[in-house]
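Visitor: I am new to this structure and would like a close look at a single part of it. Please take me through that part slowly, and then show me what lies around it.

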Amino acid sequence: MISFTLSLIALLLGYLLYGRFVERVFGPDDRDTPAIAKADGVDFMVLPPWKIFMIQFLNIAGTGPIFGAIMGAKFGPAAYLWIVLGCIFAGATHDYFSGMLSVRHGGANQPELIGTYLGKTTKNVMLVFSVFLLLMVGAVFVFSPAKILGDMWEPAVVVDSMGQYTFWLIIIFIYYIIATMLPIDKIIGKIYPLFAFSLLFMAVALMVMLFVKMPDIPEIWEGLSVPALTPKNIFPALFITIACGAISGFHATQSPLMARCMKHEKQGRPIFYGAMITEGVVALIWATVAMFFFYNNPTPGYETIAGGAAAVGDAPSVVNLICNDWLGLFGGILALLGVVAAPITSGDTALRSARLIIADFIKVEQHSISKRLAICVPLFAAVMALLIWQMNDKEGFNMIWSWFGWSNQTLSVFMLWAITVYLVQQKKPYVITLIPAIFMTVVCVTFLLSEQLFKIPVGMTWSIAGSTMVITLSWFCLWYRKYQNNRQ
């Protein structure tokens, strides 16, 4: 628990100190924001700062900092280091700049921002890449809550005629269509803060229980002496497994939604940097809860809770067991909100982002319902096709989730490089994003080659990582020298 306490303090100090430094580097001012300059009553409108923060937190979080942290805890206490360092120096910085650059560019979506700083070709590649990622989010985050609800109850007549889980899949898709089509203040602005509050309340309640129980769990200084409970290599798998609690490219697709609702630029630090730090705190709490479940001394938590041994490999089951055991009936209700409502809302905003990205690319205004519908129909058809394939292939979900994890972090790589180019052009300290950009490039390339495409021995994995770092740094140095020469 010493490591947990120190990590918690580090995240808070990260927001107060490094977050303020990052804000000074960007330099927010008093110019009109897109919510004022481009107000349309649908996607561009001023919302209260507290509501923007809660929506941003729920949009970027979902179940990511819960499930990812639980699975990441299987690597041992190294998870603490990645959550703290990744969140402060990579994730929150990535989220702040991606959100504020969107504000400065009229509420531009991620592909537009990447194209502005990395070129038109990269923009077109990232447009396809980001839309496909958002479709995967929609498919993944439809099936898991539908399965949970279907295991609890489904109309027998629907199951017999249309198959298991179909009833809830239809219900969720109807909600998706309504929420994606309506102005942002109608559903998202009204109920998302409530779901965000439930996630935060659950995390705080579990943190209190951790200090009450004071479990004997591994500390950071025990390092790799703690046996990992997963066959995957800690590098690079840990940095893909824990994404939303440290850094996630998906966040940059969500930040423009809130960039279009801010009244002042100075709201950016609490909304963008602060929401990511808050997510890091949630991930830290769940990683510690998982440490108790997996590693508690002398008896691991899964041996003390009925049904725990069968849930070691299933993150949603761990959430249900811990919340019911520690927080009782109320905790069970919160857990249900967490594992059902949170992924649904993440899928909803993912598809909303996809609609806006496509609309910006083909230059179709989104004020009229008919034009929003024209984009939504093929978008939802693609998600349904992906979902049907996933359900018919027993390895479909695992395959989509694996590629989603890699795609998610790869998206962050391109955004970090775009931010780095922006900082170079503005003659600002670009090293604050250059280091995370190089590191995440190494992680994504190594993971793609050693985990996704080939099964490579550990020794070769490190060789790939080293080569990637050298090539990436050399490429940046060459580009930087060329850029400086062209300015002279």
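By class, how many nonpolar, polar and charged residues are there in the lining of the second largest pocket?

Guide: Before the answer, please keep in mind that this is a predicted model. By class, the lining of the second largest pocket holds 18 nonpolar residues and one polar residue, while charged residues are absent from it. The pocket itself encloses about 350 Å³ of space, and 19 residues line it, with W82, L85, G86, F239 and F439 lying nearest its centre. Three helices, α5, α11 (234–241) and α17 (431–453), each supply at least two residues of this lining, and of the contributors it is α5 that gives the most, with seven residues.

From the pocket we can follow one of its central residues outward. F239, which is among the residues nearest the pocket centre, is also touched by Q409, a residue placed in helix α16 (residues 396–425). Q409 counts as buried because its relative accessible area is 0%, and, leaving out residues up to four places away in sequence, its other contacts include I240, I242, A243, I247, S248, G249, M440 and C444. The C-alpha atom of Q409 lies 25 Å from that of F4, a residue 405 places away along the chain.

Helix α17, which supplies part of the pocket lining, also holds E451. With a relative accessible area of 13%, E451 falls under the 20% limit and is therefore buried. Apart from its neighbours within four places in sequence, E451 is in contact with K232, N233 and T446.

Helix α5, the main contributor to the pocket lining, leads us in turn to helix α3, since α5 (78–104) is one of the elements that cover the buried residues of α3. Helix α3 runs over residues 49–61, and its 13 residues reach 18 Å from the first C-alpha to the last, close to the 18 Å expected. Ten of those 13 residues are buried, so that the helix is mostly covered; among them are K51, M54, Q56, F57 and N59. Besides α5, the covering elements include α4 (64–72), α10 (188–213), α12 (250–259), α13 (268–295) and α14 (315–362). After α3 comes G62, whose phi is positive, near 55°.

The helix α14 also appears elsewhere, for the buried residues of α9 pack against α14 as well as against α7 (120–152), α8 (156–162) and α15 (369–392). Helix α9 spans residues 166–181, and its 16 residues reach 23 Å between the end C-alpha atoms, close to the 22 Å expected. The buried residues of α9 include W168, L169, I172, F173 and Y176.

One more helix can be set beside these. In α18 (residues 458–487), 30 residues at 1.5 Å a residue should span 44 Å, and the end C-alpha atoms are indeed 44 Å apart, so the two values agree. Its buried residues are T461, I464, A465, T468, T472, F476 and Y483. An α-helix has 3.6 residues a turn, so residues three or four places apart point the same way.

Finally, a word on the cysteines: the count of disulfides comes to zero. C261 is in no disulfide, as the nearest cysteine sulfur, that of C376, is 17 Å away. C261 counts as buried because its relative accessibility is 0%, whereas C477, at 42%, counts as partly exposed.

Conventions. Residues are numbered from 1 along each chain as its sequence is written. This is a predicted model: local features need pLDDT of at least 70, side-chain atom pairs count only at pLDDT 80 or more; totals for chains, interfaces and linings use all residues. Side-chain values use heavy atoms; hydrogens and water are left out. Helices (H or I, at least four residues) and strands (E, at least two) are DSSP runs, numbered from the N terminus. The expected span of a helix is 1.5 Å times one less than its number of residues. Buried means under 20% relative accessible area, exposed over 50%, partly exposed in between (1.4 Å probe, protein chains only). Contact means heavy atoms within 4.5 Å. On a 1 Å grid over the protein atoms alone, a cavity is a set of points where a 1.4 Å probe fits but cannot get out, and a pocket is an open set with protein on both sides within 12 Å along at least five of seven lines; lining residues have an atom within 4 Å of a point. Grid points are joined across faces, edges and corners, and a volume is the space filled by probe spheres set on the points. Ala, Val, Leu, Ile, Met, Phe, Trp, Tyr, Cys and Pro count as nonpolar, Asp, Glu, Lys and Arg as charged, and the others, Gly among them, as polar. A disulfide is a pair of cysteine sulfur atoms within 2.5 Å.
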